[in-house]
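This report describes one protein chain, moving from individual residues to helix packing and then to the chain as a whole.

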Amino acid sequence: MSDYIINAIIKGILETVEMTFFGALFAYIIGLPLGIVLYATAKGRILENRPLNFVIGLIVNVFRSLPFLILLVLFIPVTRFITGSSIGTVATIVPLTIGAIPIVARMVESSLCEVSPGIIEAAVSMGASPVYVIIHFILPEATPSLLLGGAINVATVLGYSAMAGVIGGGGLGAIALQYGYYRYQTDVLWTTVTILILMVMLTQGLGNAISKKVRKAD
């Protein structure tokens with residue numbers, strides 16, 4: 001491969017890391033509270049509110065069922081309104097965030113459901129408020145599972161970032177498409193695919209290691 005292609009791949013790696021980091025970060029800023037609300041307002045839970053749970057759950061399910069490529073196209077006007085453009089690395093962070101929020105919310109809800117009801121009952125019996133129980137009992141108990149789910153979510157966002165190359169999103173996906181597919185440079189295609197696989201494996205492995213360390217510390 002030429003120096004130009006190598007530089008393009010390096011730039012693509014940096015763009016992919018940027019999109020993944022900020023996409024996952026913003027998704028957790030919104031998705032984590034949503035997941036907590038979904039958990040706490042479910043039937044029989046400490047803040048039971050079935051109408052609210054139904055509405056939020058419906059919205060989350062609708063967005064989670066949308067294929068990411070369709071979501072990319074549907075939210076082009078929103079992306080253009082927020083960033084001033086519908087293409088490029090910064091613009092791609094918007095649909096990445098929107099696409100990851102429902103996944104994060106459901107993953108958080110699932111992690112919190114693993115907490116033993118006995119711990120919650122003991123906290124409530126001591127007079128702790130629902131918010132206090134969530135912050136000081138439920139979330140700490142669910143931390144290992146939340147970290148493991150976080151690694152899966154980051155890997156998912158990383159995979160989504162590669163798809164964004166279809167509409168000019170930048171990153172390794174765009175390199176694979178522009179050089180590997182359109183120009184029939186199979187070495188570039190396989191190099192970018194390999195790098196993406198390694199990045200996903202590294203993310204997942206790191207998340208697993210941190211989760212195990214936290215679990216042992218408990």
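Valine 78 is partly exposed, because its relative accessible area of 33% falls between the limits of 20% for buried and 50% for exposed residues. The model in which this value was computed is predicted. Valine 78 belongs to helix α4, which spans residues 76-83. Its C-alpha atom is separated by 26 Å from that of glycine 150, a residue 72 positions apart from valine 78 along the chain.

**Two further residues**

Threonine 92 is part of helix α5. With a relative accessibility of 5%, threonine 92 counts as buried, since buried means under 20%. Leaving aside residues up to four places away in sequence, threonine 92 touches Met19, Ala164 and Gly169.

Alanine 162 is located in helix α7, which covers residues 130-163. Its relative accessibility is 22%, so alanine 162 counts as partly exposed. When residues up to four places away in sequence are not counted, alanine 162 is in contact with Gly173 and Leu196. Leucine 196 lies 34 residues apart from alanine 162 along the chain, and the C-alpha atoms of the two are separated by 8.2 Å.

The three residues are set out below.

| Residue | Helix | Relative accessibility | Class |
|---|---|---|---|
| Valine 78 | α4 | 33% | partly exposed |
| Threonine 92 | α5 | 5% | buried |
| Alanine 162 | α7 | 22% | partly exposed |

**Packing of α5 against α7**

How are α5 and α7 oriented to each other? Their axes come within 9 Å and cross at roughly 150°. Angles over 145 degrees count as roughly antiparallel, and α5 and α7 are therefore roughly antiparallel to each other. The crossing in which α5 passes α7 is right-handed. On the α5 side, the contact is made by Leu96, Gly99, Ala100, Ile103, Val104, Met107, Val108, Ser111 and Leu112. The residues contributed by α7 include Ile138, Leu139, Ala142, Ser145, Leu146, Gly149 and Ile152, and also Asn153, Thr156, Val157, Tyr160 and Ser161. By class, this contact of α5 with α7 has 14 nonpolar and seven polar residues, with no charged residues.

**Packing of α2 against α5**

Helix α5 (residues 89-113) also packs with helix α2 (residues 50-65), at an angle of about 125° and with the axes 9 Å apart. The two helices, α2 and α5, are therefore oblique to each other. Their crossing is left-handed. From α2, the contact draws on Gly57, Val60, Asn61, Phe63 and Arg64, and from α5 on Ile98, Pro102, Ile103, Ala105 and Arg106. The contact of α2 with α5 comprises six nonpolar, two polar and two charged residues. Ile103 of α5 takes part in the contact with α2 and in the contact with α7.

**The chain as a whole**

The secondary structure of the chain comes to nine helices and zero strands. The chain has 218 residues, of which 40% count as buried. Among contacts with a separation of 6 or more, 72% are between residues 24 or more positions apart. Taken along the principal axes, the C-alpha atoms fill a box of roughly 70 × 40 × 25 Å. The chain exposes about 11,700 Å², and carbon and sulfur atoms supply 70% of this area.

Methods. Residues are numbered from 1 along each chain as its sequence is written. This is a predicted model: local features need pLDDT of at least 70, side-chain atom pairs count only at pLDDT 80 or more; totals for chains, interfaces and linings use all residues. Side-chain values use heavy atoms; hydrogens and water are left out. Helices (H or I, at least four residues) and strands (E, at least two) are DSSP runs, numbered from the N terminus. Buried means under 20% relative accessible area, exposed over 50%, partly exposed in between (1.4 Å probe, protein chains only). Contact means heavy atoms within 4.5 Å. Axes are lines fitted to C-alpha atoms, for helices over the stretch in contact, and angles run from 0 to 180 degrees between N-to-C directions. Angles under 35 degrees count as roughly parallel, over 145 as roughly antiparallel, 65 to 115 as roughly perpendicular and the rest as oblique. A crossing is left-handed if the near helix is turned anticlockwise from the far one by less than a right angle, and right-handed if clockwise. Ala, Val, Leu, Ile, Met, Phe, Trp, Tyr, Cys and Pro count as nonpolar, Asp, Glu, Lys and Arg as charged, and the others, Gly among them, as polar. Accessible areas come from the Shrake-Rupley method with a 1.4 Å probe; for residues, only the protein chains shown count as cover.
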